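User: I am new to this structure and would be grateful for a close look at a single part of it. Please describe how the strands of the sheet are arranged and what packs around them.

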Amino acid sequence: FWVKFYFLIVAWCVPCLVSLDTLQELCRKEKLTCKSIGITKRNLNNYEVEYLCDYKVVKDMEYYLVKWKGWPDSTNTWEPLQNLKCPLLLQQFSNDKHNYLSQVKKGKAITPKNNNKTLKPAIAEYIVKKAKQRIALQRWQDELNRRKNHKGMIFVENTVDLEGPPSDFYYINEYKPAPGISLVNEATFGCSCTDCFFQKCCPAEAGVLLAYNKNQQIKIPPGTPIYECNSRCQCGPDCPNRIVQKGTQYSLCIFRTSNGRGWGVKTLVKIKRMSFVMEYVGEVITSEEAERRGQFYDNKGITYLFDLDYESDEFTVDAARYGNVSHFVNHSCDPNLQVFNVFIDNLDTRLPRIALFSTRTINAGEELTFDYQMKGSGDISSDSIDHSPAKKRVRTVCKCGAVTCRGYLN
């Protein structure tokens, strides 16, 4: 009784400290049921192949070492090929082995000898790491899609190395204010238009032009603020002046780059020019705190600081730990995304929302980029990623590969 009680407490109280698989493995090992983590009497003794760990040939019969889903490694068993009904896992095993051998030969694939009865330990170790990575990335992908609040799906892909999900990154959909910073400054006025495209609307009240055309493309020059309809407006969600607040409409993929830039983001569908793609969100901090963090980031050779200096330089967005897909967008000296300042419910000019729009047509499979210094893309605003003096003391080499590359990020 006490053992079962203990495991139930673990399952309910520390899901953030112990993975679901670990709890399932513990329960099955101790023959315990726990509905909260999906272990019932019906499936307590179920065996499902999670991944394949090793391979050998005994008396001309092929065997694979199987890791059973929800069971500890101590229960792994050698199973004959004829008993395995998992063609996808078998194909992944073969592909991972081939990729490892290709890497060993520096890109030149080799064919194993026919008399090779067992795998070398290094190959089996790589295959297991790759399988665990694949599972971890799938779980991360599922988590990202649970947390997002927009239409577009998020996919994750790594065919380059064994890097898994970032360990200290938390997905958010909007600004997260640091202690002592208030983002509450709701609009006191809303439009009563029946058609915001033709009538005097929120932009006109702010003294600027409506930002979008009939095709929902941005038509104002860079540096001009966007004022969208807010929660006090009588127009509905289909209003033509509610583009940014609808969120990302495109399916995007966070992928591991092959040129040493870490993670990047590519679109899986075609994006028309001057279309809204995503917001840049993160933790809102003071410029003084940004200076302190900037010195720390300098030592790591990377930063996610974005100055909110539309009219003043009091605040900065730090997307290092808290952010959305934009956290993974890389720099380019020839970018396909452009920054605009957006105001919706919060009209505090010190705290604009940062929206990224396409500068040209972006084809499916193309990486999304924007200029961390906002040069070369027609921007006349002062917005930029990390203008802090600390960053300028350390020159970071640019790896964008563009013909017009400036050589350094700063």
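Analyst:
**The sheet and its helix neighbour**

Three strands make up an open sheet, ordered β1-β2-β3, with antiparallel pairing. The model described here is predicted. At the edges of the sheet lie β1 (49–58) and β3 (77–80), each of which pairs on one side only. Ignoring direction, neighbouring strands of this sheet are turned by 35 degrees against each other on average.

The pairing of β2 with β3 can be followed in detail. Strand β2, residues 61–68, joins β3 in the antiparallel sense over four bridges. Leu 65 has Trp 78 of β3 as its bridge partner.

A helix also belongs to this picture. Helix α3 packs on the sheet, where it touches β1 and β2. The direction of α3 makes about 65 degrees with that of β1.

Helix α3, residues 87–104, packs with helix α4, residues 121–147, as well. Their axes are 9 Å apart and the packing angle is about 120 degrees, which means that α3 is oblique to α4. The crossing in which α3 passes α4 is right-handed.

On the α3 side, the contact is made by Gln 92, Phe 93, Asp 96, Lys 97, Asn 99, Tyr 100, Leu 101 and Gln 103. From α4, the contributing residues are Ala 122, Ile 123, Tyr 126, Ile 127, Lys 130 and Arg 134. By character, the residues of the contact of α3 with α4 comprise seven nonpolar, three polar and four charged. Helix α3 thus touches strands β1 and β2 of the sheet and also packs with α4.

Key. Residues numbered from 1 in each chain as written. Predicted model: local features only at pLDDT ≥ 70, side-chain atom pairs only at ≥ 80, totals over all residues. Heavy atoms only, no water. Axes fitted to C-alpha atoms, helices over the stretch in contact; angles between N-to-C directions. Helix = DSSP H or I, 4+ residues; strand = E, 2+ residues; numbered from the N terminus. Parallel < 35°, antiparallel > 145°, perpendicular 65-115°, else oblique. Left-handed = near helix turned anticlockwise from the far one by under 90°. Contact = heavy atoms within 4.5 Å. Nonpolar A, V, L, I, M, F, W, Y, C, P; charged D, E, K, R; others polar. Pairing = 2+ DSSP bridges.
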